[in-house]
Structure formats: structure tokens, C-alpha cells
Amino acid sequence: MVFDYDLYVIGGGSGGVRAARIASGEYGAKVALAEEYRMGGTCVIRGCVPKKLMVFASAYAGAIVDARSYGWAVEAAAFDWPAFRAKLDAELDRLEAAYRAGLAGANVTVHDTRATVVDPHTVRLATGETFTAKHILVATGGRPFVPEIAAGAGAMTSNDIFKLDALPKSVLIVGGGFIACEFACILNGLGVAVTQFYRGEQILRGFDGEARGHIAELMKESGINLHVGTDVIEMKPVEGGTWVKSTDGREAVFEKVVYATGRVPNTEGLGLVEVGVRLGRKGEVVVDGWSQTAVPSIYAVGDVTDRINLTPVAIREGHAFADTVFGAKPVKPDHALVASAVFTQPEFGTVGMTEEAARDERPIEVYATSFRPMQSAFAGRPDRVMMKLVVCAETRKVLGCHIVAPGAGEMIQLAAIAIKMGATKEDFDRTVAVHPVMAEELVTLRKPVRTA
Ligand SMILES: Cc1cc2nc3c(=O)[nH]c(=O)nc-3n(C[C@H](O)[C@H](O)[C@H](O)COP(=O)(O)OP(=O)(O)OC[C@H]3O[C@@H](n4cnc5c(N)ncnc54)[C@H](O)[C@@H]3O)c2cc1C
């Protein structure tokens with residue numbers, strides 16, 4: 001059978017773009033890609049990139065205060081959101097154009113519209129056109145989940161924060177995951193009065209327990225009104241914002257309410273179930289280790305598969321798919337020991353097992369320290385850094401590393417290489433420290449603080 005394309009990719013985000021570029025640019029496949037919104041997907045348009053730029057913007061408030069402690073005569077400065085937003089929008093336009101240029105350079109045909117699956121080898125565009133392809137790759141990502149109570153009262157999601165015309169005076173952030181915590185810190189840094197509700201007992205569920213507690217304390221110290229074990233039970237739009245009643249009986253009006261209560265895979269109305277693709281409980285596409293679905297010609301990568309929902313993972317999955325299917329280089333994406341960062345202030349870098357998960361599995365030793373780093377101690381700030389190694393008591397291998405510190409995202413990337421290589425505690429110890437930096441503590445942790 002002759003197909004219009006060798007590969008049809010649905011979704012122009014991290015995973016889809018990488019797969020399309022490698023399949024076409026490196027392996028000469030005839031590839032088309034449909035994107036219904038903006039090229040680059042969540043990471044570039046409403047995720048990692050604009051968020052990190054907002055993290056940078058918000059950090060200047062503290063830096064200005066610190067500068068005075070270091071002898072600089074600086075005046076209090078005001079943050080100009082419209083000026084920042086205009087620059088942010090221009091930067092996202094530039095990045096989107098770069099993504100388009102990359103696809104054009106790799107000879108990928110782009111259809112700027114929504115696509116759905118009609119049969120194992122056919123997609124239909126919202127324009128009504130249909131195309132056949134030997135393989136279809138579903139890379140449609142995810143979207144914020146908004147519960148009914150919030151949708152009816154006009155709550156925002158993280159998508160809307162980047163598009164605000166003006167910064168609100170007050171905001172309620174509902175949720176305790178990394179996106180909720182990052183935006184609580186960003187908005188707090190930009191001068192917004194931030195309240196955060198999380199219904200669970202501690203923020204950042206799934207991460208190392210000690211790190212979670214440490215970050216929660218620092219967030220409170222920085223002025224965020226964080227309430228765990230608290231949820232919204234009633235809310236309605238009122239003059240000047242949204243009236244909210246919470247499970248602890250309190251009532252308050254917030255200028256804006258942001259729901260960051262998780263994300264769901266974009267599979268609704270895609271036609272996948274109808275052609276035999278299996279979906280999981282959250283609506284995620286169920287795939288095997290090769291990212292292949294229950295229909296052999298249809299593959300899926302990235303957040304839509306709800307494996308590890310991070311940009312570099314989506315990129316690896318897309319690349320591995322292209323290598324396997326078009327490059328005759330079968331490779332399974334490796335999901336073990338994926339490091340990540342949470343851009344709270346200070347940052348949290350983490351790789352490997354949490355103390356809680358490791359001690360359920362085997363005997364461990366925990367090496368940890370908490371201290372005031374030189375830079376903030378001199379400035380008179382109370383923040384403390386936390387560093388922790390979880391070590392297998394039998395093999396001596398470092399199973400997990402968790403760092404809460406300024407620049408922890410940068411530190412964990414390097415620690416992850418050693419841990420991925422199977423470094424033992426003694427390998428860390430043999431490494432001579434770099435002085436004076438915070439990360440030197442990682443190679444000078446002498447005695448376990450706990451064994452379990
Ligand atoms: C606020 C926020 C912050 C984040 N921060 C980080 C971070 O710091 N580090 C990190 O690693 N990850 C971060 N992430 C996660 C990261 O953005 C995602 O893991 C990554 O973008 C997933 O890539 P993807 O290709 O699977 O999907 P996406 O990037 O979401 O791309 C999917 C694309 O498909 C399009 N699409 C959907 N349905 C259709 C259809 N039917 N037809 C055509 N097009 C369609 C969408 O418009 C979208 O452009 C963040 C996410 C958010 C929301």
C-alpha cells in the first residue's frame with residue numbers, strides 16, 4: 001500500500017518535534033506534523049521556558065535586598081509586568097519561529113490545525129483533509145485539570161498566568177505539585193500576596209519527605225501563606241475577585257484564583273479508542289517499552305503517555321522512537337534515574353530514590369546536612385540549604401540525591417551523571433571538594449545521620 005507519508009506526527013511539542021526532525025532530517029522519512037496551537041508545545045509556549053524566565057524575573061526582588069547587604073546603595077525598585085510580558089511574548093515568538101525553521105530545515109510538512117485518528121493509517125485534519133501514513137505518532141501532551149467547582153467560578157490555570165494584563169494584588173493558588181509551588185514562589189517574588197491551599201498533608205507529594213518539609217518552611221518564611229490539609233469547598237465570582245470558602249472554615253476574597261491541581265493527557269476526541277488504542281485510567285495512551293500502542297502502526301510519546309512528564313523525557317522518547325522505527329537502531333527510552341528540578345526559591349534538585357522509597361526496599365544509610373550558605377548568611381537571610389544522599393548499606397551505591405539550594409537544578413544535573421554511572425558513597429568521598437561552594441558538602445558528608 002502506498003501512503004501519503006511514512007510518519008504523521010500529531011502534536012508539535014517537545015516529543016513530536018524531536019521525532020519528526022530525526023525521522024525526516026536524519027533518516028530521510030517523509031514526515032508531516034499537525035499542531036493545533038503554537039509550535040513548540042507546552043515547554044516553549046506555556047511551561048518550562050516562560051516559567052523559568054518568570055523565575056529569573058522574580059528573583060531580582062531578593063537580589064536587590066541582598067545587594068544592600070553587600071554594600072550596594074540600591075533604591076527599592078518597582079516591577080513593570082507589562083514591560084516584562086512584552087519581552088516574554090517576543091522571546092516566545094522567537095523560539096516558536098526557531099522550532100518552525102528547524103522543522104522546515106528537516107523537510108517536515110507542517111499542518112497548522114488539529115488532527116484526529118480515523119484508522120490505523122489515516123488522520124483527519126480539522127480542515128477536512130485526510131492523509132495516510134505508514135506510522136502515526138501521538139504526541140499531544142497534556143493540559144491542566146480543572147475541577148468543576150473552579151471551572152464554574154472562572155479560576156485560572158498556569159496557562160493563563162503568562163497572559164495576565166496586570167499582576168493581581170492577591171492570588172490563591174490551589175494545589176501542591178511542582179507547578180503550584182513554583183508559581184507561588186514566582187508570584188510572591190513579584191510582590192503578589194500569595195495564599196496556597198493544598199489538600200494533602202505536605203506539598204510536593206512523591207518527592208523526598210525531608211526536602212518537602214524544608215521547602216514548605218522556606219516558602220512560608222518567604223511570605224507565602226501556605227495551608228496544607230486545606231481545600232476549597234465553595235467559590236464564586238464577586239466584585240474585585242473571587243470569594244472562597246475553605247475546609248478550615250475561613251472565607252476570603254482573592255483577586256485571582258489559580259488551579260494547579262494536576263494535568264490530564266490530551267486524548268479526548270482523538271479517535272484512539274475507536275481504532276483500538278488502549279487508554280489508561282487518566283486517559284493516557286498505554287504503550288510498551290518501545291512507545292508502541294496496542295495498534296502496531298500507532299506510537300505515542302511524551303506527556304500523553306503519562307510516564308515521566310518532563311521535557312527531556314519526551315525528547316528522549318521521540319528520539320528513541322525515530323531511531324527504532326526509521327533508523328534501524330532499536331532503542332528503548334531509559335526512564336531510570338531521571339533527574340529533575342523544581343524551581344521554587346530556593347530550587348530543589350532531585351535524582352533517584354527518596355529516603356522513604358529506599359528504606360521500604362533495602363537497608364540504607366542517610367547522609368544529610370542543612371546549613372546557612374555563605375552568600376545568604378552574609379546578607380543576613382535565614383535560608384538554609386539542605387543536601388542529602390540516600391545510600392544502599394549493602395552495595396554502597398548512592399540511590400538518591402536531594403538538594404534544596406540556590407542553583408540546585410544545576411548541581412543535580414552533574415550529581416546525576418555520577419549516580420547514573422553507579423557511584424558509591426566512597427566514590428563521592430574520594431572526590432576532592434571544590435571550595436568554597438555549597439556543593440562541596442556532597443563530598444564531605446562523613447557520618448550517616450540515620451540508618452534504616
Ligand atoms: C507550567 C509548567 C511548567 C513546566 N516546567 C517544566 C520544567 O521546568 N522542566 C521540565 O522538564 N518539564 C516541565 N514541564 C513539563 C513539560 O512542559 C512537558 O513534559 C513537555 O512539554 C511534554 O512534551 P510533549 O511533547 O509530550 O507535549 P506538549 O509539549 O504538551 O506538546 C503537545 C502539543 O500537541 C498539540 N496538540 C494536542 N492535541 C492536538 C491535536 N489533536 N492536533 C494537533 N495538535 C495537538 C498541543 O497544542 C501541544 O502543542 C512543565 C509543564 C508546565 C505545564
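How far apart are the end C-alpha atoms of helix H1 (residues 14-26), and what span should its 13 residues have at 1.5 Å a residue? The expected span is 18 Å and the end C-alpha atoms are 17 Å apart, which agrees. Please keep in mind that this is a predicted model. Below is a short tour of H1, helix H10 (311-326) and the ligand, whose shell takes at least two residues from each of these helices.

**Helix H1**

- Buried positions in H1 begin with Ser14, Gly15, Gly16 and Val17, and continue with Ala19, Ala20, Ile22, Ala23 and Ser24.
- Three strands pack against these buried residues: S1 (5-10), S2 (31-34) and S6 (130-138).
- Helices H2 (41-46), H4 (81-105) and H10 (311-326) also pack against the buried residues of H1.
- After H1 comes Gly28, with a positive phi near 75°.

**Helix H10**

- The 16 residues of H10 should span 22 Å at 1.5 Å a residue, and the end C-alpha atoms are indeed 22 Å apart, so expectation and model agree.
- Thr311, Val313, Ala314, Glu317 and Gly318 are among the buried residues of H10, as are Ala320, Phe321, Ala322, Asp323 and Phe326.
- An α-helix has 3.6 residues a turn, so residues three or four places apart point the same way.
- The cover over the buried residues of H10 includes helices H1, H2 and H3, together with strands S1, S6 and S16 (298-300).
- Ala328 follows H10 and has a positive phi, near 50°.

**The shell around the ligand**

- Around the ligand there are 37 residues, of which Gly15, Glu35, Thr42, Lys51 and Asp303 come nearest.
- Gly15 is also one of the buried residues of H1.
- By type, the shell holds 15 nonpolar residues, 14 polar ones and eight charged ones.
- Helices H1, H2, H3 (48-69), H7 (178-189) and H10 each supply at least two residues of this shell.
- Which helix gives the most to the shell? H2 does, with four residues.

**Backbone contacts and burial of the ligand**

- A polar backbone atom of Ala115 is 2.9 Å from a nitrogen atom of the ligand.
- Cys43 places a polar backbone atom 3.4 Å from an oxygen atom of the ligand.
- For Thr311, a polar backbone atom is 3.0 Å from an oxygen atom of the ligand.
- Taken alone, the ligand exposes 1000 Å², and the protein buries 96% of that area.
- Thr311 is also listed among the buried residues of H10.

Technical notes
Residues are numbered from 1 along each chain as its sequence is written. This is a predicted model: local features need pLDDT of at least 70, side-chain atom pairs count only at pLDDT 80 or more; totals for chains, interfaces and linings use all residues. Side-chain values use heavy atoms; hydrogens and water are left out. The expected span of a helix is 1.5 Å times one less than its number of residues. Buried means under 20% relative accessible area, exposed over 50%, partly exposed in between (1.4 Å probe, protein chains only). Contact means heavy atoms within 4.5 Å. A residue is near a molecule or strand if one of its heavy atoms lies within 4 Å of it. A polar contact is a pair of N or O atoms within 3.5 Å; within protein, one must be able to donate a hydrogen and the other to accept it, and residues adjacent in sequence count only if both atoms are side-chain atoms. Accessible areas come from the Shrake-Rupley method with a 1.4 Å probe; for residues, only the protein chains shown count as cover. Ala, Val, Leu, Ile, Met, Phe, Trp, Tyr, Cys and Pro count as nonpolar, Asp, Glu, Lys and Arg as charged, and the others, Gly among them, as polar.
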